[in-house]
Amino acid sequence: MSGTEGAAEAPRVGAAVRRRRRARELTLAQLARATGLSAPFLSQIENDRARPSMRSLQLIADALETTAVRLLAAADGSRRAVDVVRADSAAVPEDGAGGRVRPLVRGQRQLHALEFTGRHDWQRQFRHPHDELMYVVAGAVEAEADGHRYELGPGDTLYCTGGVTHRWRALSPGSRVLLVGVAE
């Protein structure tokens, strides 16, 4: 394997979380209150002794006024012109729901892409300043965007312009969804 290919290890976001927390001038206790996560758990994340689920990472990102995708991107600060992300590269758990999330683009880029497999938290709504495209690779998905609900199957896409509130969930256990967004 060459230096541009990834090992099957989950991204280490600790340093990115610490940098962002310090830049926002927050203590671990303040971040814990804002996220509902414990300060010891946050400390373990910052020291790469624990890896957060995607749900926990989203709570942290919200409290730090950023996105989970940006924290994942900051975990890999390299700027490779060409990068291969293998199918067996590590995924982050979705938080007890049995789903997994795998970054498909690493580092700080203008394009963000994530692959979701299995379940996804319906309660979590998103609203980004950038456009986003959802592509259903397999299974079935229910999505809600701008107050309208859509049932999507393999090959279907849902496009949301920046600022549109949206959420989604897998309707079948084998669902695979690709989300692609443009950075601000």
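**Exercise 1. Which sense of pairing joins strand β1 to strand β2, and over how many bridges?**

Solution.
Step 1. Locate the strands: β1 covers residues 92-93 and β2 covers residues 100-103. Strands here are DSSP runs of E with at least two residues, helices are runs of H or I with at least four residues, and both are numbered from the N terminus.
Step 2. Read the pairing. β1 and β2 are antiparallel and share 2 bridges. Two strands count as paired if DSSP finds at least two bridges between them.
Step 3. Pick a residue pair: Val92 faces Val101 in β2.

Before going on, note the ground rules. The model is predicted, so local features need pLDDT of at least 70 and side-chain atom pairs count only at pLDDT 80 or more, while totals for chains, interfaces and linings use all residues. Residues are numbered from 1 along each chain as its sequence is written, and side-chain values use heavy atoms, with hydrogens and water left out.

**Exercise 2. Trace the open sheet that contains β1 and β2, and find its edges.**

Solution.
Step 1. Move from β2 to strand β3 (residues 111-117): 4 bridges join the two, and they run antiparallel. Arg100 has Thr117 in β3 as its bridge partner.
Step 2. Move from β3 to strand β9 (residues 176-182). This antiparallel pair has 7 bridges. Ala113 stands opposite Val180 in β9.
Step 3. Write the full order. The sheet has 6 strands, β1-β2-β3-β9-β4-β7, with antiparallel pairing.
Step 4. Name the edges. β1 and β7 (157-160) each have a single partner strand, so one side of each has no neighbour in the sheet.
Step 5. Recall the chemistry: strands of a sheet pair through backbone hydrogen bonds, either parallel or antiparallel.

**Exercise 3. Describe the open sheet formed by 3 strands.**

Solution.
Step 1. The order is β6-β5-β8, and the pairing is antiparallel.
Step 2. The edge strands are β6 (148-152) and β8 (166-170), each pairing on one side only.
Step 3. Neighbouring strands of this sheet are turned by 15 degrees against each other on average, direction ignored.
Step 4. Look at strand β5 (residues 141-145): 5 bridges join it to β8, and the two run antiparallel. Glu142 stands opposite Arg169 in β8.

**Exercise 4. At what angle do helix α1 and helix α5 pack, and which residues meet?**

Solution.
Step 1. Take α1 (residues 14-23) and α5 (residues 68-75). Their angle is about 120 degrees, and their axes are 7 Å apart. Axes are lines fitted to C-alpha atoms, for helices over the stretch in contact, and angles run from 0 to 180 degrees between N-to-C directions.
Step 2. List the contacts (heavy atoms within 4.5 Å). From α1 come Ala16, Val17, Arg19 and Arg20; from α5 come Leu71, Ala74 and Ala75.
Step 3. Sort by class. The contact of α1 with α5 has 5 nonpolar, no polar and 2 charged residues. Ala, Val, Leu, Ile, Met, Phe, Trp, Tyr, Cys and Pro count as nonpolar, Asp, Glu, Lys and Arg as charged, and the others, Gly among them, as polar.

**Exercise 5. Is helix α4 enclosed or open, and what follows it?**

Solution.
Step 1. α4 spans residues 54-63. Of its 10 residues, 7 are buried, so the helix is largely enclosed by the rest of the structure. Buried means under 20% relative accessible area, exposed over 50%, and partly exposed in between (1.4 Å probe, protein chains only).
Step 2. Name the buried residues: Met54, Ser56, Leu57, Gln58, Ile60, Ala61 and Ala63.
Step 3. Step past the helix. Glu65 takes a positive phi of about 55 degrees just after α4. Glu65 lies in the loop between α4 and α5. At 53% relative accessibility, Glu65 counts as exposed.
Step 4. Set this against the rule: most residues other than glycine have a negative phi.

**Exercise 6. Where do Asp146 and Asp156 lie, and how exposed is each?**

Solution.
Step 1. Asp146 is in the loop between β5 and β6. Its phi is near 55 degrees, a positive value in a residue other than glycine. Asp146 is exposed, with a relative accessible area of 57%.
Step 2. Asp156 is in the loop between β6 and β7. At 31% relative accessibility, Asp156 counts as partly exposed.
Step 3. Check the surroundings of Asp156. Leaving aside neighbours within four places in sequence, its contacts are Met134, Tyr135, Val136 and Glu151. Asp156 and Tyr135 are 21 residues apart in sequence and 6.0 Å apart in space, C-alpha to C-alpha.
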